[in-house]
Amino acid sequence: MNFAVIDWVIVVLYLALSLGIGILGKRFVGDLTHFLVAGRELGVYLGIATLAATEIGSVTYMYMAELGYKAGFAAFASALISGASMIVIGRTGFIITRFRELKLMTVPEYFQVKYSVGLRILTGFVVALGGILNMGVFLKIEGQFLVTVSGIDGRYLVAVMTGILLLELIYTVLGGMVSIVITDFMQYILLSVATILVTLYAVRSTGFDNIVDKVEKIMGPGGFSPIQSPRFGWTFLIWQVLLWVSLSTCWQTTAMRMMSTKGPETGKKVMTWTGVIFLGRGMLPMLWGMCALVMFGTGPIGIDGIPAPVVNGQTIEPIAAMPAMLARILGPGVRGIVVAGMLAATMSVNSSYLLGWSSVISQDIVVPLRSIQGKGQLSSKQQILINRICNVLVSLFIMFWGLYYTLPDAVYLYLGLTCTIYLSGVFVSVIGGLYWPRANVVGGYAAMLMGAVGTVVPFFVLGWSANVTGFAAFGLAAMGLVVGSLAGKPTPASVKAAVN
């Protein structure tokens, strides 16, 4: 065991405090608006903390560190693109302002306002599919982090995954967005402390000059330039711009934070300042991955030309190199603080994602289907109950997928592709709906279907690279919107007025 008694005390106390505070959030859930978008009362500072915490988890640090281990400083390109995209969107209010003005609670809800209830249901299905597949690998990676750093026997990985999931599920099911926002603020503070500590320890233990030398020796110019990197190139950069602009505007968990703010101007400030945080969110763990490369990168050379990490004489996967490094360099007490911080990040991300995808299933599939069938309107309490049931069902699938699915490539690329399943069609359709008067329901259907199929078939069936698949999916979705809209009937003037 790597953990000392003090480490266990810190972690257990944090988990108990977080769970208690999360459960208290149930007191403030009055209706569905409180449960899904916190009553639309988030201010700037709380909004920044909860948005940052929502998209920074231990799984984030794991896949970013893996990318740094495999790609060196060239990986910084994706971090810079993510932060810059959010800053530009925050300054301009692109898409997020209109979403907030329309008082939406989910992204697919826009599709009923602009297009049709049928397209809202299809979009809800595609959004839920992409989001749940995206989240499906979280638990396994998070459990692997905790097992590696703490020294718990790997045979207990499933038990660790189950424990993490149950803690998140309890307060998410009870308090919804209110509980998530309350716990996010505390979790963000602890995560920030952990991030600073890890960076200082990692760079001090390896030396920055050694990091540069190692990357140059193994990767050459491709370790510093994303254009020259065999893993990236121009298609990767273009896909990343499209991906991060769409993530910052149409990704359900991010959009829900914008929908929860007091108003459009508040949302713009939250997005801008979170973009600044996102620069560090990517580059710091990538740097940790390079530190792990210096410390452990002595194993057999893989097909990508990168040596496998060797820890205590055993070859491990690159994604496990960063937590193995933390287990070696952090002392008692500090190790407990860092793990508590990473657990804080884990709970923030997973609780938000559980709520996000369950809300889409309940609000954009179940409720509209009842409407089409002519059944009566559900009360706020009934809709909250459906959301809670969906939370549990999504959790069960995530546990199954995390245990049995084998990732074909770097985790970062897998997550980007599962995002693209729905973001390609949604992003193109939202832009068309807001900024192109000719966009109509036929174009919306074509964009959603071509974007989803253009992601799933090439990557999961044909085995195309993530770069080419992601780039092509956005292109196919755009083609579908344009061709479908030109072939279909124009959108009625009354609908145009409602969304513009």
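In this briefing, Ala, Val, Leu, Ile, Met, Phe, Trp, Tyr, Cys and Pro count as nonpolar, Asp, Glu, Lys and Arg as charged, and the others, Gly among them, as polar. With that sorted, welcome to a predicted model of a protein with 21 helices and two strands. Of its 500 residues, 61% count as buried. Among contacts between residues at least 6 apart in sequence, 85% join residues at least 24 apart.

**The cavity**

- Rolling a probe the size of a water molecule over the atoms shows where empty space is left.
- Searching the whole structure turns up one cavity of 30 Å³ or more, and the volume of the largest cavity is about 240 Å³.
- Its lining is made of 21 residues, and those nearest the centre are E55, Y63, W244, L247 and R281.
- What is the make-up of the lining of the largest cavity in nonpolar, polar and charged residues? There are 14 nonpolar residues, five polar and two charged.
- Several helices come together here: helix 4 (58–71), helix 12 (234–250), helix 14 (264–296), helix 16 (334–372) and helix 18 (411–435) each give at least two residues to the lining of the largest cavity.

**K268 and T97, a pair in contact**

- K268 sits in helix 14, while T97 belongs to helix 6 (residues 96–101).
- Is K268 buried or exposed? Its relative accessibility is 18%, so K268 counts as buried, the cut-off being under 20%.
- T97 falls under that cut-off too, because its relative accessibility is 16%.
- Setting aside residues up to four places away in sequence, K268 touches G90, R91, T92, G93, I96 and T97.
- Seen from the other side, and again without neighbours within four places in sequence, T97 is in contact with P264 and K268.
- The side chain of T97 also reaches the backbone oxygen of G93, at 3.1 Å; G93 is one of the residues that K268 touches.

**Helix 19, end to end**

- Helix 19 covers residues 441–461, and its 21 residues at 1.5 Å a residue should span 30 Å; the C-alpha atoms at its ends are 29 Å apart, so the two values agree.
- At the start of helix 19, a side-chain oxygen of N440 comes to within 3.2 Å of the backbone nitrogen of V442.
- Just after the helix, G463 adopts a positive phi of about 75°.
- Which residues of helix 19 are buried? They are G443, G444, A446, A447, M448, G451, A452, G454, T455, P458 and F459.
- An α-helix has 3.6 residues a turn, so residues three or four places apart point the same way.
- The cover over the buried residues of helix 19 includes helix 7 (109–114), helix 8 (117–135), helix 18 and helix 20 (466–487). Helix 18 is also among the helices supplying the lining of the largest cavity.

**Helix 13, a covered helix**

- Helix 13 (residues 252–259) is mostly covered, with eight of its eight residues buried.
- Those buried residues are Q252, T253, T254, A255, M256, R257, M258 and M259.

**Three residues with partners far along the chain**

- I141 is part of helix 9 (residues 138–150), and I141 is buried because its relative accessible area is 4%.
- The C-alpha atom of I141 is 7.4 Å from that of M62, although 79 residues separate the two along the chain.
- Apart from neighbours within four places in sequence, the contacts of I141 are V59, M62, I319 and V411.
- I121 lies in helix 8, one of the helices covering the buried residues of helix 19. With a relative accessible area of 14%, I121 is therefore buried.
- Between the C-alpha atoms of I121 and V360 there are 9.3 Å in space and 239 residues along the chain.
- Beyond four places in sequence, I121 is in contact with D364, I365, P368, L369 and I372.
- V5, in helix 1 (residues 5–24), has a relative accessible area of 65%, so V5 is exposed.
- Even so, the C-alpha atoms of V5 and G336 are separated by 9.2 Å, with these positions 331 residues apart along the chain.

Terms used:
Residues are numbered from 1 along each chain as its sequence is written. This is a predicted model: local features need pLDDT of at least 70, side-chain atom pairs count only at pLDDT 80 or more; totals for chains, interfaces and linings use all residues. Side-chain values use heavy atoms; hydrogens and water are left out. On a 1 Å grid over the protein atoms alone, a cavity is a set of points where a 1.4 Å probe fits but cannot get out, and a pocket is an open set with protein on both sides within 12 Å along at least five of seven lines; lining residues have an atom within 4 Å of a point. Grid points are joined across faces, edges and corners, and a volume is the space filled by probe spheres set on the points. Helices (H or I, at least four residues) and strands (E, at least two) are DSSP runs, numbered from the N terminus. Buried means under 20% relative accessible area, exposed over 50%, partly exposed in between (1.4 Å probe, protein chains only). Contact means heavy atoms within 4.5 Å. The expected span of a helix is 1.5 Å times one less than its number of residues. A polar contact is a pair of N or O atoms within 3.5 Å; within protein, one must be able to donate a hydrogen and the other to accept it, and residues adjacent in sequence count only if both atoms are side-chain atoms.
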